[in-house]
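Trainee: I should like to study this model with you, beginning with its domains and ending with its cores.

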Amino acid sequence: MTDNKLLEVEHLTMRFGGLVAIDDLSFTANTREITAIIGPNGAGKTTVFNCLTGFYVPTEGRLTLHANDGPRLLERTEGFRIPRNNGVARTFQNIRLFTGMTVLENLIVAQHNRLMEASAFSIAGLFNLGRYARAEKEAIEKAKFWLNKVGLYDQADWSAGNLPYGSQRRLEIARAMCTDPSLLCLDEPAAGLNPRESAELNILLQSIRDDQGVGCLLIEHDMSVVMQISDHVIVLDYGRKIADGNPEAVKNDPAVIRAYLGEEEDDELPPEVAADLNVDPNAH
Amino acid sequence: MSSAFASSRTNGSEIVKELAFFAVIALLMSVMILGVETVDRPTGLELAVRWDLVLIAIGSTVVGRLALIIRREAISRLVQALLITATAVAVFEMFVRFRDMDDRWASPVVFDMAFGSALSIVLAIAFVAIVFAIAYFSMKEHGVAEVDESTKLSSKIQLAYRSNTKKIGLVGIIFFIIFPFLFGENRSAIDLATLVMIYIMLGWGLNIVVGLAGLLDLGYVAFYAVGAYSYALLSQNFDLSFWLCLPLAGIFAASFGIILGFPVLRLRGDYLAIVTLGFGEIIRVVLINWYDFTGGPDGISSIERPSFFGLADFSRRVPDGAIGFNELFGMEYSSMHRLIFLYYLILALALVTSFVTMRLRKLPIGRAWEALREDEIACRSLGINPTNTKLSAFAIGAMFGGFAGAFFATRQGFISPESFTFLESAVILAIVVLGGMGSQIGVVLAAIVMIGFPEMFRELAEYRMLIFGAGIVAIMLWRPRGLLSFRDPTILLNMSQKEKVAGELK
C-alpha cells in the first residue's frame with residue numbers, strides 16, 4: 001500500500017497573521033485511491049487545497065508529490081507551474097468555468113501548455129503548420145473523450161455558462177482531467193447536486209480513479225459521496241487532523257462525532273439555569 | 001408627470017392634450033432663448049424677433065413626442081423605426097438650419113446633401129440607414145410592440161450577419177480596396193478614408209488588449225506615440241528608411257508594452273485603467289519635456305515620406321539618384337499618387353492586424369487571453385502562466401499601435417505631443433467598446449461612426465459633436481455591449497456556426 005504513495009504532506013502549517021488555519025497537518029494520499037478530507041466549516045480543508053495547488057505558500061511544512069520521475073516539492077514550485085509540471089489539477093468550491101466560452105473551448109484551454117509548445121509559441125501556429133494542426137486534432141480528440149465521459153458531448157458547442165448547474169460541475173472535472181493530472185483535487189464536487197446527480201458523480205469519480213489511475217483528493221460535505229467512494233478519510237477540525245483511516249473507522253471515531261455534533265457536556269445546561277427551568281410548572 | 005401618460009392605450013384627445021402640453025413647454029423654453037436676439041444696429045442695440053426658430057423648436061418637440069407616443073402605443077415596429085428615423089432627420093435638418101441662418105427657407109439640407117456629390121449620397125444613405133438600424137434593432141429588446149413578424153425579421157438579420165461574417169468581411173475588404181478608384185480624384189475622401197483606416201487599425205490593436213484579454217487600457221495612445229517618435233527620430237538621426245523603421249517602431253512599442261505590463265500585472269479593472277492612464281500621460285509628458293531628444297512641444301517636422309518600397313519616390317522633384325513613381329510606371333505626375341499609396345499602405349497594415357488577431361484567437365495564446373478575461377484563477381489552476389499571457393497581449397497590442405504610429409508620422413510629416421493626448425486613447429477605446437468588444441467588423445463600423453461622421457459633417461460645426469454625443473448615448477442605451485457584441489466560438493464540434501447562432505436566437 002505504501003509503495004504507491006502519491007502525495008505526502010508533512011507538518012503543513014498555514015498561518016494568516018495570528019490565525020492558524022492549518023496546524024501541523026501530516027497525511028499521505030495514494031495513487032488510484034480517493035482520499036476524502038472532511039471536517040466542519042472553517043476546518044481548513046480548502047486551505048489545504050490552496051497550499052497544494054500553489055495559491056498559498058505554506059508557512060511551514062513539506063508537500064511532496066511522488067511523480068513518475070521522482071519526488072517533487074510542491075511548496076517550492078511557483079503557483080501556475082504546479083498543474084503544468086507536476087500534474088496537480090483542481091476544481092473549485094464555487095464553479096470557475098470560462099462561462100462565455102463554449103464547453104469544447106473550456107476543455108481545449110485546459111490543454112494550453114501542450115498546444116502552446118506545438119504552436120511554437122504561436123509563431124508556427126500563425127501559419128497553421130502541420131505540427132500544430134496535428135496537436136490541435138489530438139486536443140480535440142481528448143476533449144471528445146472527456147465530453148463523452150461526463151455526458152456533455154451533445155452540448156459541446158454551448159456556452160459553458162448556459163449549462164445547468166450539475167453539468168457545470170461535471171465540466172469542471174472534465175476540464176481538470178484534460179490537464180493530464182496525476183493528482184486531482186476536488187473541492188466539494190457534489191455541492192448543489194440532487195441525489196441522482198451525485199450518484200452519477202460517484203460513478204465518474206470511481207472511473208477516474210480506476211480507469212485513469214489518478215489519485216483523488218476530495219473535500220466533501222455530502223456523506224453519501226464520501227462514505228461510498230472514498231478509500232481513506234481524513235478529518236480536520238480547527239486546522240488539526242483529528243482522525244485518519246478508512247470510512248468505517250472514521251464514522252465511529254468519537255473525536256469525529258464530537259467535532260461534528262459538539263461535546264456532550266456542552267449540551268448540558270449550567271446547574272443554576274437547569275434549576276431555574278426545573279421549577280414546577282404548576283407552581284402558580 | 002410620467003404616470004399620467006403611463007396607461008398602455010390612450011385615446012385621440014389624450015394624445016392631443018399631451019402634445020399640446022409639450023408644445024407649451026417647448027414654447028416657454030424657446031421663446032426667450034431662441035425667439036429674441038439683440039442685434040447691433042447703427043442706432044444702437046435692438047431686439048430682433050425670430051419666430052421661425054421658435055416654431056422649429058416647438059415643431060421638433062411635438063414630432064419627437066409623437067414618435068415616443070407611437071412607440072408607446074404598440075404600432076408595428078417598422079413604422080416606429082421609420083418615424084424615429086424621420087424625427088432624427090428632422091432634428092438634424094434643424095441643426096443645419098440653425099447654422100445657416102441666411103438660407104433658412106431653402107430646400108432641405110438632407111436633400112441637398114444627398115444630391116450634392118457621390119460621397120454625400122453615401123453619407124446621407126449611411127446616416128439614415130444607421131439611425132434606422134439602431135431604432136429598429138433597439139426595439140428588439142425594448143419595444144413595447146411585440147409584433148411577431150418583425151421579431152423574426154430582426155433575428156433573421158442577426159442570423160444572416162453572424163453566419164456570413166466572413167462574406168461580409170470580404171465585401172468590406174473589396175470595398176476598401178476599390179475605394180480609391182471610386183473617389184480617385186477626391187483628395188478629401190482619400191484623406192478621410194486614410195484617417196478612418198488608422199483608427200480601424202488602432203481599434204483592432206486595442207481590441208487584443210481590451211476585447212480579448214479583458215485588460216482595460218486607457219493609455220493605448222502611448223504606444224502610438226512610441227511608434228511615431230521611433231520612426232521620426234530614427235529617420236532624422238540615423239537616416240533610416242521608412243521600411244526599415246516600420247518593424248523597429250513595432251518592436252519598440254512592443255517593448256514599451258512589456259514595460260507597462262510588468263507593474264500592472266496584479267491589477268485589474270479600474271485600478272489597471274488608472275495605471276495605464278498614468279502611463280499614457282507619462283509618455284506624453286516625457287515627450288514634451290525632453291527637449292533635446294524629442295524637440296519638446298515643437299515636435300519633429302519634415303519627417304521623411306515613404307518611398308515606393310525603396311524603388312521610387314513620390315515627390316515632384318525627385319532627389320538625385322532616385323526615380324519618380326510616375327516615371328517608374330510611365331504616368332503623369334500627380335500628387336494623388338502618394339495619398340493613394342498611403343491609403344493602401346495603411347489598409348495593408350490594418351488587414352495584417354486583423355488577420356493576425358483572427359488567427360491568434362484560434363491559437364492557444366488567443367484562447368488563453370479569452371480564458372484569462374473570463375477567470376484568472378481558473379487559468380492558474382490549469383497551468384496557464386498569467387504573467388506571460390498578459391504580457392503577450394500587451395506586447396502584441398502595443399506592436400500594432402507602434403506600426404500605426406510610424407504610419408501616422410510618415411503620413412503627417414510632422415508630429416508633436418499634442419497628437420497623443422488622453423482624448424486619443426479615449427476615442428480608440430470608445431471605438432472598441434462601441435463596436436462590441438472583440439468584434440472585428442464592429443470596430444470598422446464604430447471607427448466610421450466615431451471618426452468618419454464627425455469629419456464628414458464638419459460643416460455642422462459644433463452641432464456635430466452634439467449629435468455625436470446623442471448617438472453615443474443612444475448606442476449605450478440600446479446596445480450596451482456594443483454594436484456587434486457577439487462572441488463567435490473559435491472552434492465548433494457538432495454544429496455549424498449558423499445552427500449555433502440560430503439556437504441562441506431561439
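The questions and answers below take up domains, a hairpin and nonpolar cores.

Mentor: This is a predicted model, in which local features need pLDDT of at least 70 and side-chain atom pairs count only at pLDDT 80 or more, while totals for chains, interfaces and linings use all residues. Residues are numbered from 1 along each chain as its sequence is written, and chains are lettered from A in the order in which they are written.

Trainee: Which element gives the largest share of the side of domain 1 of chain A that touches domain 2 of chain A?

Mentor: An automatic or database assignment sets the domain bounds, giving domain 1 (1-87 + 181-278) and domain 2 (97-179) in chain A. Eleven residues of domain 1 of chain A are in contact with ten of domain 2 of chain A (contact: C-beta atoms, placed from the backbone, within 7 Å). The largest share of the domain 1 side, three residues, comes from helix 8 of chain A.

Trainee: Which residue is the bridge partner of Leu236(A) in strand 10 of chain A?

Mentor: Strand 9 (residues 232-237) and strand 10 (residues 240-245) of chain A run antiparallel and are joined by five bridges. They form a hairpin with two residues between them. In strand 10 of chain A, the partner of Leu236(A) is Lys241(A).

Trainee: Which helix gives the most to the largest nonpolar core?

Mentor: A nonpolar core joins buried Ala, Val, Leu, Ile, Met, Phe, Trp, Tyr and Cys residues through C-beta atoms within 7 Å (buried: 20 or more other C-beta atoms within 10 Å of its own). The largest has 179 residues, and Met201(B) and Ala447(B) have the most contacts inside it. With 15 residues, the helix that gives the most to this core is helix 8 (residues 187-212) of chain B.

Conventions. Two residues are in contact if their C-beta atoms, placed from the backbone, lie within 7 Å. Helices (H or I, at least four residues) and strands (E, at least two) are DSSP runs, numbered from the N terminus. A residue is buried if 20 or more other C-beta atoms lie within 10 Å of its own, exposed if 12 or fewer, and partly exposed in between; C-beta atoms are placed from the backbone. Two strands pair if DSSP finds at least two bridges between them.
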